[in-house]
Amino acid sequence: MPELPEVETVRRGLAPVLEGARIARARVNRPDLRWPFPDRMAERLTGARVDRLRRRSKYILADLDTGETLIVHLGMSGRMIVSGGGEGRDMLAQFHHLHPAPEKHDHVILDTDAGARVTFNDARRFGAMDLCATDAVERHKLIAGIGPEPLGNAFNEAHLIAAFRGKRTPVKAALLDQGIVAGLGNIYVCEALHRAGISPLRHAGRIGAARVAALVPIIRAVLAEAIEAGGSSLRDYRQADGELGYFQHSFRAYGREGEPCQTPDCQGTIHRKVQSGRSSFYCPACQR
Ligand SMILES: [Zn+2]
């Protein structure tokens, strides 16, 4: 399941293809994904120029010159594939190959006026697309109520300390709460808590203010490193199949049950415990 760094990597891969380009043709091959597509989606996209491609939490937002914004969520299995395109548009030069043969789960296909094609493929169909007025995006039902971006200025020590105060839920659940911080998922919460030396089982309200404050730069660093790894994948010719957003990245705790803890001087072993249906990987020796 893509987390924030994967979504940001997809955004960065799509930006040179879509920003400033006009959608010459939009094809929508089914009426819905997780939810029904908006009315006349293909007509509303066709002819529109993409002015800006941005990200809010795990949503990619394409601001169009029609005054609408296309909201995209990759869901569990959504993939963005870039193909075709002319020369001269920076990163697009990587994607010289012809358009791949259509696949069963290619649900939305956008062809740009520069000859590039963006294909949204989603086998499990937990993804979503919607159109809404650009000036109403923050009030859209999928986006209203989402907390501050973890890499933005509004996510800071004072915010997290206030959000955790009095909270009786485990810190793992608190960090997954999208109203407290946007876009954090299981993997990067495990990594941040391991690096911070905080047990995922500890109640958020029982962590001292200094340790909560220390979590903020750690969360930023964990995400920034992953986004950097994603950026490297975009420059990597192994990604030349045009698929964006999935990249190799090594984790210190996530997925390492039974392995020695990588914290310096720690003799512990990474344990796995299921919390609210999701696996927490942590070291009981150095995470308290
Ligand atoms: Zn340890």
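Select Arg 124 to start; Arg 124 is found in the loop between strand E7 (116-121) and strand E8 (128-133). Helices (H or I, at least four residues) and strands (E, at least two) are DSSP runs, numbered from the N terminus. The model is a predicted one, in which local features need pLDDT of at least 70 and side-chain atom pairs count only at pLDDT 80 or more, while totals for chains, interfaces and linings use all residues. Residues are numbered from 1 along each chain as its sequence is written.

Arg 124 is partly exposed, because 13 other C-beta atoms lie within 10 Å. A residue is buried if 20 or more other C-beta atoms lie within 10 Å of its own, exposed if 12 or fewer, and partly exposed in between, with C-beta atoms placed from the backbone. Show Gly 75, Met 76 and Ser 77 as well: Arg 124 is in contact with these, leaving aside its neighbours within four places in sequence. Two residues are in contact if their C-beta atoms, placed from the backbone, lie within 7 Å.

**The annotated binding site**

Add His 105 and Lys 167 to Arg 124; an unreviewed UniProt entry places the feature "binding site" at these positions. They are spread over 63 residues of sequence and are also spread in space, up to 42.3 Å between C-alpha atoms. UniProt positions are given in the numbering used here, feature names are shortened, and annotations may be inferred rather than shown by experiment.

Centre on Lys 167, in the loop between H3 and helix H4 (171-176). Lys 167 counts as partly exposed, with 17 C-beta neighbours inside 10 Å. Not counting residues up to four places away in sequence, Lys 167 touches Ala 174, His 203, Ala 204 and Gly 205.

**The loop before H3**

Go next to Ala 154, in the loop between strand E8 (128-133) and helix H3 (157-164). Is Ala 154 buried or exposed? Ala 154 is exposed, with 11 other C-beta atoms within 10 Å. Ala 154 touches Pro 148 and His 159, not counting residues up to four places away in sequence. Draw a distance to Val 181: Ala 154 and Val 181 are 27 residues apart in sequence, and 9.6 Å apart in space from C-alpha to C-alpha.

**H3 against H6**

Two packed helices are described by the angle between their axes and the distance between the axes. Select H3 and H6, which pack at an angle of about 125° with their axes 8 Å apart. H3 is therefore oblique to H6. Axes are lines fitted to C-alpha atoms, for helices over the stretch in contact, and angles run from 0 to 180 degrees between N-to-C directions. Angles under 35 degrees count as roughly parallel, over 145 as roughly antiparallel, 65 to 115 as roughly perpendicular and the rest as oblique.

Show Glu 157, Leu 160, Ile 161 and Phe 164 in H3; they meet Ala 209, Val 212, Ala 213, Leu 215 and Val 216 in H6. By class, the contact of H3 with H6 has 8 nonpolar, no polar and 1 charged residue. Ala, Val, Leu, Ile, Met, Phe, Trp, Tyr, Cys and Pro count as nonpolar, Asp, Glu, Lys and Arg as charged, and the others, Gly among them, as polar.

**H5 against H6**

Keep H6 (residues 209-235) and add H5 (residues 186-196); their axes come within 9 Å and cross at roughly 130°. H5 and H6 are therefore oblique to each other. On the H5 side the contact is made by Tyr 188, Glu 191, Ala 192, Arg 195 and Ala 196, and the H6 residues include Arg 211, Ile 218 and Ala 226. This contact of H5 with H6 divides into 10 nonpolar, no polar and 3 charged residues.

Colour H5 by burial: 10 of the 11 residues of H5 are buried, so H5 is largely enclosed by the rest of the structure. The buried residues of H5 pack against H4, H6 and strand E11 (278-282). Step past the end of H5 to Gly 197, whose phi is positive, near 70°.

**The annotated active site**

Finish with Pro 2, Glu 3, Lys 58 and Arg 278, where an unreviewed UniProt entry places the feature "active site". Pro 2 is in the segment before helix H1 (4-18) and counts as buried, with 22 C-beta neighbours inside 10 Å. Lys 58 lies in the loop between strand E2 (50-56) and strand E3 (59-64). Lys 58 is buried, with 24 other C-beta atoms within 10 Å. Leaving aside neighbours within four places in sequence, Lys 58 is in contact with Pro 2, Leu 4, Val 7, His 73 and Gly 183.
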